Amino acid sequence: MSAVKHIAVVGAGFVGLATAVFLARKGHTVDVVEKNPDIVEGLPKGRLHFHEPTLKIQLTRVVKSGRLRIGLPRPEPFQSCSLIYIAIDSVVQGAWQMRLASFEQMAHWLGERKTRHKRTVVLKSTNILGFADAFRELLHQQPFGDTLAL
């Protein structure tokens with residue numbers, strides 16, 4: 001295994017949560033950032049908002065171990081981690097237009113401060129065409145946004 005990393009996973013839907021649990025099981029420290037307070041409250045207690053029994057068991061284990069934490073959006077995880085995996089919707093459903101509001105705040109938190117370590121941002125693969133370029137532009141509007149790998 002490579003060196004233990006601090007990783008932020010944005011979004012606690014199926015893709016984000018499964019990714020976070022997998023990374024925590026591999027020994028990494030993972031912060032899951034989720035905007036829904038009911039989900040944030042329920043996940044540490046093993047209450048999934050979808051049916052996946054195996055994931056529920058693994059989630060309970062990594063939360064108990066301290067390798068996975070779940071919280072509401074705030075700047076700290078974005079500034080202290082080396083990898084940010086973004087697994088939230090970037091599309092207005094039915095309209096196929098980019099939804100950038102949540103990403104604007106993340107770009108601000110990611111690019112507002114210089115860090116001593118290099119950070120990499122990974123976008124889930126189901127984003128609308130052109131989204132990566134739009135998010136890169138949001139990052140580059142920040143003082144240190146060009147120091148991030150996307």
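**View 1. The largest nonpolar core has 22 residues.** The model shown here is predicted: local features need pLDDT of at least 70 and side-chain atom pairs count only at pLDDT 80 or more, while totals for chains, interfaces and linings use all residues. Residues are numbered from 1 along each chain as its sequence is written, and side-chain values use heavy atoms, with hydrogens and water left out. A nonpolar core is a set of buried Ala, Val, Leu, Ile, Met, Phe, Trp, Tyr and Cys residues joined through side-chain atoms within 4.5 Å, where buried means under 20% relative accessible area, exposed means over 50% and partly exposed lies in between (1.4 Å probe, protein chains only). The residues with the most contacts inside the largest core are Phe78, Ile84, Ile86, Phe103, Leu110, Val121 and Phe135. Two or more residues each are given to this core by β1, β4, α5, β7 and α6, and the largest share, five residues, comes from α5. Helices (H or I, at least four residues) and strands (E, at least two) are DSSP runs, numbered from the N terminus.

**View 2. The surroundings of Val121, and another core.** Once its neighbours within four places in sequence are left aside, Val121 is in contact (heavy atoms within 4.5 Å) with Ile84, Ile86, Leu110, Phe135, Leu148, Ala149 and Leu150. Apart from the largest core lies another core, of 21 residues, which includes Val30, Leu43, Val62 and Leu68.

**View 3. The open sheet is built from six strands.** The strands follow the order β3-β2-β1-β4-β7-β8, and their pairing is parallel; two strands pair if DSSP finds at least two bridges between them. At the edges stand β3 and β8 (148-149), each of which pairs on one side only. Helix α5 (residues 101-111) packs on the sheet and touches β1, β4, β7 and β8, with a direction that makes about 180° with that of β4. Helix α6 (residues 131-140) also packs on the sheet, where it touches β4, β7 and β8, and its direction makes about 150° with that of β7. For these angles, axes are lines fitted to C-alpha atoms, for helices over the stretch in contact, and the values run from 0 to 180 degrees between N-to-C directions.

**View 4. Bridge partners link β2, β1, β4 and β7.** Strands β1 and β2 run parallel and are joined by five bridges, one of the partnerships being that of Ile7 with Val30 in β2. Ile7 also has a bridge partner in β4, namely Leu83, and Val9 has Tyr85 as its partner in β4. The parallel pairing of β1 (residues 6-10) with β4 (residues 83-86) extends over four bridges. Strand β4 pairs in turn with β7 (residues 119-123), in the parallel sense and over four bridges, and here the bridge partner of Leu83 is Thr120. Four of the five residues of β2 are buried, so this strand is largely enclosed by the rest of the structure. In a regular strand the side chains alternate between the two faces of the sheet.

**View 5. Arg69 and Asp31 form a salt bridge.** A salt bridge is a side-chain nitrogen of Lys or Arg within 4 Å of a carboxyl oxygen of Asp or Glu, and a search of the whole structure finds four of them. In the one between Arg69 and Asp31, the closest N and O atoms are 2.8 Å apart. Because Arg69 lies in strand β3 (residues 68-71) and Asp31 in strand β2, the pair ties together parts that are 38 residues apart in sequence. Arg69 is partly exposed, at a relative accessible area of 38%, whereas Asp31 counts as buried, at 4%.

**View 6. Two further salt bridges join Lys45 with Glu41 and Arg74 with Glu76.** The closest N and O atoms of Lys45 and Glu41 are 3.6 Å apart; Lys45 is exposed, with a relative accessible area of 56%, while Glu41 is partly exposed, with 46%. The side chains of Arg74 and Glu76 meet at 3.6 Å, N to O, and here Arg74 is partly exposed at 34% relative accessible area, as is Glu76 at 45%. Side chains of opposite charge can pair when their charged atoms come close.

**View 7. His28 is found in the loop between α1 (14-25) and β2 (29-33).** His28 counts as buried, because its relative accessibility is 7%. Its side chain reaches the backbone nitrogen of Lys5 at 3.0 Å. A polar contact is a pair of N or O atoms within 3.5 Å; within protein, one must be able to donate a hydrogen and the other to accept it, and residues adjacent in sequence count only if both atoms are side-chain atoms.
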